[in-house]
Amino acid sequence: MKEYEDKKLVCATKEGLDLDLSEEEKKAKEEEKSRFEALTKKVKEILGEKVEKVVLSDRIVDSPCVLVTGEFGWSANMERIMKAQALRDSSMTSYMVSKKTMELNPKHPIIVELRKKFEADASDKTVKDLVWLLFETSLLTSGFSLAEPTTFAGRIHKLIKLGLSIYDDEPAGEEAAAGADEDLPPLEDDAAGVMEEVD
């Protein structure tokens, strides 16, 4: 079905979704675009060929970002179906799969704080980690499959460690407990005591 009551139906998961905006809304959108321009360029630089472009979104309400496909490219579901085909054309697959646009939600607190973090220090390493995490999460929420699930899991584990205040340079578990117990006598003294008892 292409139309309903003289209204053309469009796919909301593809780029080119045109929402009717008032003049005030268009002006506010332009101001927002200029405020986030440096961040969108940085995100594109970090993700490289993974995305075709990074733009601000009109369509997102709750999510910090979303991945949409080109207007004439495959949807996430079609991409999954085609990847599962045994006799697929690899050249066509690479052409159709590559056209993803990352849309950022400028009103979401995560994106707002990410912009602040980037503006405070453009070379902040955590910005890169957060961008990759947002990209991989949006792959999943947008219906795509992860190319490297273990890398994604590693990023999640790193976040969990930060949340639990666990740092990689700290000794773990029993080693930390043994190191904390200063009352134990040195190993050499124990060995000498055993030798005396034998005599």
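Which residue does the side chain of K42 meet in a salt bridge? In this predicted model, the partner is E45, with a nitrogen-to-oxygen separation of 3.7 Å. Both residues belong to helix α1, where they stand three residues apart, about one turn of the helix. The two ends of the pair are unlike in their exposure: K42 counts as buried because its relative accessible area, 19%, is under the 20% limit, whereas E45, at 58%, is exposed. Helix α1 spans residues 23-47. Beyond its neighbours within four places in sequence, K42 is in contact with F118 and A122.

The overall architecture can be described next. The protein chain contains eight helices and five strands, and these elements follow one another from the N terminus in the order β-β-α-β-β-α-α-β-α-α-α-α-α. The chain has 199 residues, of which 27% count as buried. Its accessible surface amounts to about 14,500 Å², and carbon and sulfur atoms account for 55% of that area. Among contacts with a separation of 6 or more, 70% link residues 24 or more positions apart.

The largest nonpolar core comprises 25 residues, and the members touching the most others are L39, L47, M102, L104 and F135. At least two residues of this core come from each of α1, β3 (53-56), β4 (65-69), β5 (100-104), α4 (109-120) and α5 (125-141). Helix α5 gives the most, with seven residues. For L47, contacts outside the neighbours within four places in sequence are made with M102, V131, W132 and F135; M102 and F135 are themselves among the core residues that touch the most other members.

Strand β5 is paired with both β3 and β4. The pairing of β3 with β5 is parallel and consists of four bridges; within it, V54 has M102 of β5 as its bridge partner. The pairing of β4 with β5 is antiparallel and extends over five bridges, and here V68 is matched with T101 of β5. In a regular strand the side chains alternate between the two faces of the sheet. In β3, V54 and L56 point to one face and are buried, while K53 and V55 point to the other face and are not buried. In β5, K100, M102 and L104 point one way and T101 and E103 the other, yet all of them are buried. Strand β5 is therefore largely enclosed by the rest of the structure, five of its five residues being buried.

Strand β4 also contains L67, which is buried with a relative accessible area of 3%. Apart from neighbours within four places in sequence, L67 is in contact with V51, K100, T101, M102, F135, S138, L139, S142 and F144. One of these residues, S138, lies 71 residues from L67 along the chain, yet the C-alpha atoms of the two are separated by 6.1 Å.

The structure holds eight salt bridges, and two of them are found in helix α4, in addition to the K42 and E45 pair of helix α1. In one, E113 is joined to K116, with the closest N and O atoms 3.4 Å apart. The two residues are three positions apart in α4, so about one helical turn separates them. Both are partly exposed, E113 at 46% relative accessibility and K116 at 43%. In the other, the side chains of E119 and R115 meet at 3.0 Å, N to O. E119 and R115 are four residues apart in α4, again about one turn of the helix. R115 is buried, at 14% relative accessibility.

Further along the chain, L159, L162 and Y167 make a nonpolar surface patch of about 290 Å². L159 is located in helix α6, which covers residues 149-163, and is partly exposed at 40% relative accessibility. The loop between α6 and α7 (173-180) includes S165. The phi angle of S165 is near 55°, a positive value in a residue other than glycine. With a relative accessibility of 44%, S165 counts as partly exposed.

Terms used:
Residues are numbered from 1 along each chain as its sequence is written. This is a predicted model: local features need pLDDT of at least 70, side-chain atom pairs count only at pLDDT 80 or more; totals for chains, interfaces and linings use all residues. Side-chain values use heavy atoms; hydrogens and water are left out. Contact means heavy atoms within 4.5 Å. Buried means under 20% relative accessible area, exposed over 50%, partly exposed in between (1.4 Å probe, protein chains only). Accessible areas come from the Shrake-Rupley method with a 1.4 Å probe; for residues, only the protein chains shown count as cover. A nonpolar core is a set of buried Ala, Val, Leu, Ile, Met, Phe, Trp, Tyr and Cys residues joined through side-chain atoms within 4.5 Å. Patches are made of residues with over 30% relative accessible area and no salt bridge: like charges are joined within 9 Å, nonpolar side chains (Val, Leu, Ile, Met, Phe, Trp, Tyr) within 5 Å. A salt bridge is a side-chain nitrogen of Lys or Arg within 4 Å of a carboxyl oxygen of Asp or Glu. Two strands pair if DSSP finds at least two bridges between them.
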